[in-house]
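User: Pick one part of this model and look at it closely. Start from a single residue, then work outward to whatever surrounds it. Keep it brisk.

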Amino acid sequence: MSDESESVGFCGVVIGIVFRLELGKLSNFRRLIVSERIRWVKEDPTRKNVFWPSEALKKQAWVADDSIYAEAKSDPEAFWAKQAEELHWFKHWDKVYEFTPENYKWFVGGKLNISYNSLDRHIEAGYGDRIAVIWEPEPVEEESVKLTYKELHDLVSRFANVLKELGVRKGDRVGIYLPMIPEAVIAMQACARIGAPHSVVFSAFSPDSLRDRMTDAGAKVLITADGYYRRGKPINLKKNADAGVVGTPVEKVVVVRRLGGDAPMNQGRDLWYHELMENASNDCLAEQMDSEDLAFLLHTSGTTGKPKGIMHTTGGYAVQSYVTAKWNFDLHEGDIYWCTADVGWITGHTYINYAPLMNGVTTVIYEGSPDTPDYGRMWAIIEKHKITQLYTAPTAIRMFLKWGDEWPEKYDLSSLRLLGTVGEPINVDAWMWYFDKIGGGCCPIIDTWWQTETGSNMVNSLPGIGPFIPTVAGRPFPGVIAGILDAGGSPVPAGEGGYLTIYNPLPPALTRGIYGDMERFKAEYYTEYGSERYFTSDGARKDAQGNIRITGRVDDVMNVAGHRLATAEVESALAQNENVSEAAVVSRPHEMKGEVPVAFVLLKAGIEHSEEVKKGLIKTVDSVIGPTARPDEIIFVDDVPKTRSGKIMRRVLKALVRNEPVGNLTTLRNPECVDSLKEKVGHKEQGGCS
Ligand code: WT7
């Protein structure tokens with residue numbers, strides 16, 4: 001496209017007319033002016049639903065030349081070292097990369113601090129007055145809070161001193177159980193500042209989940225809040241925190257007052273955040289962390305009932321987080337970037353907190369629910385703060401789509417330049433809706449594949465390079481080498497499905513282990529394809545141009561509304577109910593949530609299959625894991641298919657709930673149960689070989 005200005009005007013006018021016709025108010029004259037937006041993408045005339053960066057986007061993007069891929073591939077170590085130079089190091093590294101099986105190190109001998117790179121670096125460069133954080137509370141009548149880099153630095157330093165006064169030293173793990181309030185970022189940054197790895201627990205997780213994680217992490221201090229607002233109601237988080245710390249090593253609980261008023265405080269254990277902060281000094285030197293020092297732990301679901309504490313170290317995580325955010329979201333000075341994840345997930349750690357702050361842009365934090373006070377809240381926030389990049393999950397997009405076009409149409413979204421998605425495969429309809437209705441057909445969609453374990457994004461299209469194709473994530477980020485392999489370890493041809501693996505040199509941000517369980521680490525990631533290939537547990541296929549489409553998990557891990565859950569976790573939660581004799585859980589595709597758990601439950605002798613019992617089961621799941629893990633359906637059964645050694649054949653149950661062929665049943669101990677199960681679930685598949 002030679003004349004960009006033409007397409008710019010065109011796009012703006014079209015949007016203006018749409019607004020004018022639909023709203024027909026005088027104020028739309030203003031909209032007509034502000035709605036002028038640059039068309040950052042252009043359609044591929046030869047292929048349907050394939051988009052490329054416009055000349056304007058290519059000009060602006062940090063990388064626009066495809067040769068970056070070949071260059072990085074020819075020498076990944078040099079590529080990452082070049083990126084690392086952009087951060088501040090107290091001491092330069094001696095060696096870029098070191099590898100021995102299951103033990104890989106980046107920027108060996110280098111010393112840095114992530115909080116220093118997030119805050120001090122910008123202040124020293126003279127950018128201290130830029131806005132670091134915008135916090136949008138859920139109640140609309142409350143004012144948003146804006147913190148400059150200087151103000152955030154001040155708060156972080158003070159809280160770092162508070163932690164020190166509580167006896168927290170470098171290497172000590174600190175629990176964080178906070179809602180979406182600025183203190184979540186302050187607490188994480190304060191931990192990073194003094195080199196105390198945090199272990200953040202999602203605030204909607206149950207006390208039991210908190211207990212398990214605090215115990216596993218050996219945390220002596222927990223930071224929580226009295227509560228938060230969700231769908232207009234105050235939620236009492238302190239109550240859950242109180243229940244969750246019982247029997248853990250936690251000795252001190254710092255409580256942020258979000259709701260106001262008094263929360264019951266446990267004498268000698270609980271301390272108010274605001275009281276501690278009042279007396280704390282704002283002078284706290286950032287700890288010089290070794291590049292391979294533990295930065296934080298984050299528990300995630302594996303295939304067993306026990307979540308694993310994924311370990312991330314400092315240098316590699318910082319470098320890859322920094323550069324992936326910069327390039328993927330095209331971050332520039334003055335950008336107001338909004339990632340809608342929760343701080344309790346890796347997306348929140350990396351792309352709400354550390355990466356945007358390391359890039360010196362404004363990161364937006366929203367406390368509440370997207371449907372409060374109405375379905376327009378997302379778009380109201382974008383209009384209000386003139387958000388430039390929006391990063392959200394396919395589940396959310398599908399929900400917005402269902403709520404209807406009239407909601408985004410009420411608002412001026414023309415500040416948006418780029419859209420991102422993460423967490424699960426996106427369907428074509430959701431992608432196109434996001435592209436048309438939210439991006440106005442003007443913004444690239446960056447579909448980022450990664451995991452808690454990978455710490456940062458690994459597969460995606462770069463905004464200045466493209467292409468942007470619905471359901472296709474893109475190519476491995478420069479410096480990341482990935483392959484799609486068959487079960488025997490050979491690469492599969494283009495167009496065929498296989499297992500996504502990441503090759504040595506294992507990327508800088510990739511996890512260094514499972515806290516306290518390196519055997520499990522080795523078994524889950526480096527056994528399938530050996531120690532030089534990280535096994536992702538995701539299925540994938542590549543097109544002829546090398547663009548990767550993620551097809552979903554190949555293990556017993558589900559993705560429920562973007563939340564990662566093991567079927568085994570739900571099973572063990574159900575098994576804690578007094579009426580349950582045995583439970584088997586499988587996932588079933590769901591129009592909105594991507595996947596949902598379906599539970600097959602055998603009750604103890606004499607217990608009736610009643611709605612009452614079902615309700616009790618839901619309650620148990622809520623209290624053991626949290627409402628995100630609730631089964632979509634509970635099916636009472638007398639038997640489940642088992643192998644001769646007594647293992648439940650979840651493959652058969654999965655086929656049953658998905659109306660797929662149940663396959664070969666000859667290895668079952670009790671094949672006769674399958675017919676009655678078919679009847680129960682209304683299995684319609686005819687062509688199976690059962
Ligand atoms: C699993 C990891 C990455 C942070 C949020 C989730 C799925 C993630 C995509 C994507 C298709 C995706 C994978 C992965 N996933 N991103 N862009 N397209 N699937 O982190 O909770 O550790 O879950 O999420 O199945 O293995 P997580």
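Analyst: A strand here is a DSSP run of E, at least two residues, with strands numbered from the N terminus. By that rule T421 sits in strand β21, residues 418-422. The model is predicted.

Start with the cover. T421 has 0% relative accessibility, so it counts as buried. The cut-off for buried is under 20%. What packs against T421? Setting aside residues up to four places away in sequence, it touches Y391, T392, P394, I397, I426, Y434, I445, I446, D447 and T448. One of these partners also makes a polar link: the side chains of T421 and D447 share a polar contact of 3.5 Å.

Follow D447 outward. It lies within β22 (445-448), a strand that supplies at least two residues of the shell around the ligand. D447 is also among the closest residues to the ligand, with T448, T452, D538 and R564. T421 touches both D447 and T448. So the route from the buried threonine to the ligand is short to trace: T421 contacts D447 and T448, and those two are among the residues closest to the ligand.

Now the site itself. How many residues surround the ligand? There are 17. By type, they divide into six nonpolar, six polar and five charged. Besides β22, α13 (346-358) and β29 (548-553) each supply at least two of them.

Three side chains place a polar atom by a ligand oxygen. For T452 the distance is 2.5 Å. For Q451 it is 2.9 Å. For N559 it is 3.3 Å. The ligand taken alone exposes 550 Å², and the protein buries 96% of that.

Next, the nonpolar packing. In soluble globular proteins, nonpolar side chains tend to be buried together. Here the largest nonpolar core has 181 residues. The residues with the most contacts inside this core are F159, W379, L390 and V601. Helix α8 (residues 182-194) gives the largest share of the core, nine residues. W379 shows how this packing looks at one position. Leaving out residues up to four places away in sequence, W379 touches L390, F400, W407, P408, Y411, L413, W433 and I438. A second, separate core has 21 residues, including F600, V637, I648 and V662.

V601, one of the most connected residues of the largest core, also leads to another strand. F636, in strand β34 (residues 633-636), is in contact with V601, L603, H609, S610, V613, K614, L617 and K680, once neighbours within four places in sequence are left aside. F636 has 7% relative accessibility and therefore counts as buried. Its C-alpha is 6.0 Å from that of L602, although the two are 34 residues apart in sequence.

Strand β33 (594-603) is also part of what covers the buried residues of helix α21, as are β32 (580-590) and α22 (673-681). The buried residues of α21 (650-657) are V652, L653, A655, L656 and V657. Just after that helix, N659 takes a positive phi of about 55°.

For contrast, consider another threonine. T215 is in helix α9 (residues 207-217). At 42% relative accessibility, T215 counts as partly exposed, whereas T421 is buried. Beyond residues up to four places away in sequence, T215 touches G247, T248 and P249.

Definitions and conventions: Residues are numbered from 1 along each chain as its sequence is written. This is a predicted model: local features need pLDDT of at least 70, side-chain atom pairs count only at pLDDT 80 or more; totals for chains, interfaces and linings use all residues. Side-chain values use heavy atoms; hydrogens and water are left out. A residue is near a molecule or strand if one of its heavy atoms lies within 4 Å of it. A polar contact is a pair of N or O atoms within 3.5 Å; within protein, one must be able to donate a hydrogen and the other to accept it, and residues adjacent in sequence count only if both atoms are side-chain atoms. Accessible areas come from the Shrake-Rupley method with a 1.4 Å probe; for residues, only the protein chains shown count as cover. Helices (H or I, at least four residues) and strands (E, at least two) are DSSP runs, numbered from the N terminus. Ala, Val, Leu, Ile, Met, Phe, Trp, Tyr, Cys and Pro count as nonpolar, Asp, Glu, Lys and Arg as charged, and the others, Gly among them, as polar. A nonpolar core is a set of buried Ala, Val, Leu, Ile, Met, Phe, Trp, Tyr and Cys residues joined through side-chain atoms within 4.5 Å. Buried means under 20% relative accessible area, exposed over 50%, partly exposed in between (1.4 Å probe, protein chains only). Contact means heavy atoms within 4.5 Å.
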